[in-house]
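Me: I am new to this structure and would like a close look at a single part of it. Please take one part and explain where it sits and what it meets.

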Amino acid sequence: MLLASAWAVPILLLGIFYTFAGFVAAREAQKNAFLDSALADVSGGPRDRLDRERSLWLYALSAVVGAGGLLLLIGSALAAPAFLLAALLQALHFFVLSPLRYDREEPVNPQGRRRSLNAFRIYGLATLFVVWAALQGVLRLPGQGSPWPLVLVGAVWLVIVLRGLLLLQGLLLPRPRP
(Lines give C-alpha, C1' and ligand atoms only; values in the text may rest on other atoms or scores of the structure.)
Protein backbone atom coordinates (compact mmCIF):
# COMPACT_ATOMS: atom_id res chain seq x y z
CA MET A 1 0.00 0.00 0.00
CA LEU A 2 1.25 3.46 -0.90
CA LEU A 3 0.93 5.21 2.46
CA ALA A 4 2.91 2.49 4.23
CA SER A 5 5.65 2.58 1.63
CA ALA A 6 8.96 4.41 1.91
CA TRP A 7 8.18 5.66 -1.61
CA ALA A 8 4.97 7.44 -0.58
CA VAL A 9 6.49 10.92 -0.37
CA PRO A 10 8.29 10.88 -3.75
CA ILE A 11 5.22 9.40 -5.41
CA LEU A 12 2.90 12.00 -3.87
CA LEU A 13 5.29 14.84 -4.79
CA LEU A 14 5.48 13.60 -8.39
CA GLY A 15 1.71 13.32 -8.45
CA ILE A 16 1.28 16.88 -7.20
CA PHE A 17 3.89 18.23 -9.61
CA TYR A 18 2.49 16.56 -12.73
CA THR A 19 -1.12 17.33 -11.82
CA PHE A 20 -0.11 20.98 -11.52
CA ALA A 21 1.97 20.78 -14.72
CA GLY A 22 -1.02 19.37 -16.61
CA PHE A 23 -3.25 22.23 -15.46
CA VAL A 24 -0.62 24.87 -16.28
CA ALA A 25 -0.05 23.41 -19.75
CA ALA A 26 -3.81 23.26 -20.38
CA ARG A 27 -4.17 26.93 -19.42
CA GLU A 28 -1.25 27.78 -21.71
CA ALA A 29 -2.93 25.97 -24.61
CA GLN A 30 -6.17 27.87 -23.94
CA LYS A 31 -4.32 31.19 -23.68
CA ASN A 32 -2.44 30.56 -26.94
CA ALA A 33 -5.66 29.60 -28.73
CA PHE A 34 -7.37 32.74 -27.41
CA LEU A 35 -4.52 34.99 -28.53
CA ASP A 36 -4.33 33.36 -31.96
CA SER A 37 -8.08 33.75 -32.35
CA ALA A 38 -7.97 37.40 -31.26
CA LEU A 39 -5.15 38.18 -33.70
CA ALA A 40 -7.04 36.52 -36.53
CA ASP A 41 -10.19 38.48 -35.65
CA VAL A 42 -8.31 41.79 -35.53
CA SER A 43 -6.51 41.16 -38.80
CA GLY A 44 -9.66 39.85 -40.47
CA GLY A 45 -7.72 36.87 -41.75
CA PRO A 46 -8.43 33.20 -41.23
CA ARG A 47 -7.27 31.36 -38.14
CA ASP A 48 -4.09 29.50 -38.86
CA ARG A 49 -4.74 25.77 -39.13
CA LEU A 50 -1.30 24.87 -37.78
CA ASP A 51 -1.77 27.09 -34.70
CA ARG A 52 -5.14 25.45 -34.02
CA GLU A 53 -3.57 22.02 -34.37
CA ARG A 54 -0.72 22.93 -32.01
CA SER A 55 -3.12 24.27 -29.38
CA LEU A 56 -5.23 21.12 -29.53
CA TRP A 57 -2.11 18.93 -29.37
CA LEU A 58 -0.79 20.79 -26.31
CA TYR A 59 -4.19 20.59 -24.64
CA ALA A 60 -4.50 16.84 -25.28
CA LEU A 61 -0.98 16.21 -23.97
CA SER A 62 -1.63 18.34 -20.88
CA ALA A 63 -4.79 16.31 -20.18
CA VAL A 64 -2.81 13.05 -20.25
CA VAL A 65 -0.02 14.49 -18.07
CA GLY A 66 -2.57 15.83 -15.57
CA ALA A 67 -4.42 12.51 -15.52
CA GLY A 68 -1.15 10.69 -14.78
CA GLY A 69 -0.47 13.07 -11.92
CA LEU A 70 -3.97 12.64 -10.47
CA LEU A 71 -3.71 8.85 -10.73
CA LEU A 72 -0.36 8.98 -8.99
CA LEU A 73 -1.86 11.10 -6.20
CA ILE A 74 -4.34 8.36 -5.36
CA GLY A 75 -1.67 5.67 -5.67
CA SER A 76 -3.20 3.95 -8.69
CA ALA A 77 -1.10 1.69 -10.91
CA LEU A 78 -3.04 3.20 -13.82
CA ALA A 79 -0.62 6.12 -13.49
CA ALA A 80 2.01 3.99 -15.27
CA PRO A 81 0.10 3.68 -18.57
CA ALA A 82 -0.86 7.38 -18.37
CA PHE A 83 2.78 8.38 -17.90
CA LEU A 84 3.86 6.03 -20.71
CA LEU A 85 1.23 7.47 -23.04
CA ALA A 86 2.28 11.05 -22.25
CA ALA A 87 5.96 10.17 -22.81
CA LEU A 88 5.06 8.54 -26.13
CA LEU A 89 3.04 11.59 -27.21
CA GLN A 90 5.91 13.90 -26.25
CA ALA A 91 8.38 11.77 -28.21
CA LEU A 92 6.02 11.83 -31.19
CA HIS A 93 5.86 15.61 -30.94
CA PHE A 94 9.62 16.20 -30.62
CA PHE A 95 10.93 13.60 -33.04
CA VAL A 96 8.20 13.30 -35.68
CA LEU A 97 5.67 16.14 -35.74
CA SER A 98 8.02 19.01 -34.99
CA PRO A 99 10.68 18.19 -37.61
CA LEU A 100 8.17 17.19 -40.30
CA ARG A 101 5.41 19.71 -39.66
CA TYR A 102 5.74 22.46 -37.07
CA ASP A 103 9.39 23.46 -37.47
CA ARG A 104 8.98 23.96 -41.21
CA GLU A 105 6.51 26.79 -40.71
CA GLU A 106 8.31 28.75 -37.99
CA PRO A 107 11.97 28.92 -36.97
CA VAL A 108 12.90 26.97 -33.85
CA ASN A 109 14.14 28.84 -30.79
CA PRO A 110 17.20 26.71 -29.87
CA GLN A 111 17.12 27.69 -26.19
CA GLY A 112 13.41 26.93 -25.89
CA ARG A 113 13.81 23.60 -27.68
CA ARG A 114 16.71 22.66 -25.39
CA ARG A 115 14.57 23.44 -22.31
CA SER A 116 11.68 21.42 -23.72
CA LEU A 117 13.92 18.44 -24.46
CA ASN A 118 15.41 18.63 -20.95
CA ALA A 119 11.89 18.62 -19.50
CA PHE A 120 11.10 15.62 -21.73
CA ARG A 121 14.16 13.77 -20.40
CA ILE A 122 13.12 14.49 -16.80
CA TYR A 123 9.60 13.31 -17.60
CA GLY A 124 11.13 10.14 -19.04
CA LEU A 125 12.95 9.50 -15.76
CA ALA A 126 9.74 10.16 -13.81
CA THR A 127 7.94 7.74 -16.12
CA LEU A 128 10.53 5.03 -15.46
CA PHE A 129 10.10 5.58 -11.71
CA VAL A 130 6.30 5.36 -11.96
CA VAL A 131 6.48 2.17 -14.05
CA TRP A 132 8.97 0.71 -11.56
CA ALA A 133 6.67 1.60 -8.65
CA ALA A 134 3.73 -0.05 -10.40
CA LEU A 135 5.73 -3.21 -11.15
CA GLN A 136 6.97 -3.39 -7.55
CA GLY A 137 3.40 -3.27 -6.25
CA VAL A 138 3.82 0.11 -4.58
CA LEU A 139 0.86 1.44 -6.60
CA ARG A 140 -2.57 -0.19 -6.32
CA LEU A 141 -4.03 -2.11 -9.21
CA PRO A 142 -7.66 -1.42 -10.13
CA GLY A 143 -9.83 -3.61 -7.92
CA GLN A 144 -7.53 -3.36 -4.91
CA GLY A 145 -9.07 -1.25 -2.19
CA SER A 146 -11.97 1.13 -2.58
CA PRO A 147 -12.89 2.11 -6.15
CA TRP A 148 -14.14 5.55 -5.07
CA PRO A 149 -10.86 7.45 -5.31
CA LEU A 150 -10.46 6.25 -8.90
CA VAL A 151 -14.09 7.09 -9.71
CA LEU A 152 -13.75 10.54 -8.16
CA VAL A 153 -10.47 11.28 -9.97
CA GLY A 154 -11.96 10.07 -13.24
CA ALA A 155 -15.03 12.25 -12.83
CA VAL A 156 -13.01 15.34 -11.88
CA TRP A 157 -10.60 14.80 -14.77
CA LEU A 158 -13.47 14.31 -17.22
CA VAL A 159 -15.27 17.48 -16.10
CA ILE A 160 -12.08 19.56 -16.29
CA VAL A 161 -11.08 18.23 -19.71
CA LEU A 162 -14.57 18.64 -21.18
CA ARG A 163 -14.82 22.18 -19.80
CA GLY A 164 -11.49 23.01 -21.39
CA LEU A 165 -12.54 21.51 -24.71
CA LEU A 166 -15.72 23.60 -24.66
CA LEU A 167 -13.61 26.71 -24.07
CA LEU A 168 -11.29 25.73 -26.90
CA GLN A 169 -14.11 24.81 -29.28
CA GLY A 170 -14.95 28.37 -30.24
CA LEU A 171 -11.30 29.29 -30.46
CA LEU A 172 -10.15 26.35 -32.55
CA LEU A 173 -12.97 25.99 -35.03
CA PRO A 174 -12.55 27.93 -38.25
CA ARG A 175 -14.59 31.12 -38.40
CA PRO A 176 -17.53 31.02 -40.76
CA ARG A 177 -16.85 32.99 -43.90
CA PRO A 178 -19.14 35.93 -44.66
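Reply: A crossing is left-handed if the near helix is turned anticlockwise from the far one by less than a right angle, and right-handed if clockwise. That term is needed for helix 4, the part described here. The model is predicted, so local features need pLDDT of at least 70 and side-chain atom pairs pLDDT 80 or more, while totals for chains, interfaces and linings use all residues. Residues are numbered from 1 along each chain as its sequence is written, and side-chain values use heavy atoms, without hydrogens or water.

First, the setting. The protein chain has 5 helices and 0 strands (DSSP runs, H or I of at least four residues for helices and E of at least two for strands, numbered from the N terminus). Read along the sequence, the pattern of the protein chain is α-α-α-α-α. The C-alpha trace spans about 60 × 35 × 20 Å along its principal axes. The protein chain has 178 residues, and 38% of them count as buried (under 20% relative accessible area with a 1.4 Å probe, protein chains only; exposed is over 50%, partly exposed in between). Among contacts (heavy atoms within 4.5 Å) with a separation of 6 or more, 80% come from residues 24 or more positions apart.

Now helix 4 itself. Helix 4 covers residues 110-135, which is 26 residues. At 1.5 Å a residue, counted for one less than the number of residues, helix 4 should span 38 Å, and the 37 Å between its end C-alpha atoms agrees with this. At the start of helix 4, a side-chain oxygen of Asn 109 comes to within 3.1 Å of the backbone nitrogen of Gln 111. Just after helix 4, Gly 137 has a positive phi of about 85°.

The buried residues of helix 4 are Leu 117, Phe 120, Tyr 123, Ala 126, Thr 127, Phe 129, Val 130, Ala 133 and Ala 134. Their packing partners are helix 1, helix 2 (49-73) and helix 3 (79-105).

Take helix 3 as the first partner. Helix 3 and helix 4 pack at about 155°, with axes 8 Å apart (axes are lines fitted to C-alpha atoms over the stretch in contact, and angles run from 0 to 180 degrees between N-to-C directions). Helix 3 and helix 4 are therefore roughly antiparallel (over 145 degrees; under 35 is roughly parallel, 65 to 115 roughly perpendicular, the rest oblique). Their crossing is left-handed.

Helix 1 (residues 8-43) is another partner. The axes of helix 1 and helix 4 come within 12 Å and cross at roughly 135°. That makes helix 1 oblique to helix 4. The crossing of helix 1 and helix 4 is also left-handed. From helix 1, Pro 10, Ile 11, Leu 14 and Tyr 18 meet Ile 122, Tyr 123, Ala 126, Phe 129 and Ala 133 of helix 4. Of these helix 4 residues, Tyr 123, Ala 126, Phe 129 and Ala 133 also appear among the buried ones.

Helix 1 has contacts elsewhere too. Thr 19, in helix 1, is buried at a relative accessible area of 9%. Leaving aside neighbours within four places in sequence, Thr 19 is in contact with Gly 66, Gly 69, Leu 70 and Leu 73. Gln 30, also in helix 1, is buried with a relative accessible area of 10%. Beyond helix 1, Gly 44 lies in the loop between helix 1 and helix 2, and Gly 44 counts as exposed at 58% relative accessibility.

Key:
A polar contact is a pair of N or O atoms within 3.5 Å; within protein, one must be able to donate a hydrogen and the other to accept it, and residues adjacent in sequence count only if both atoms are side-chain atoms.
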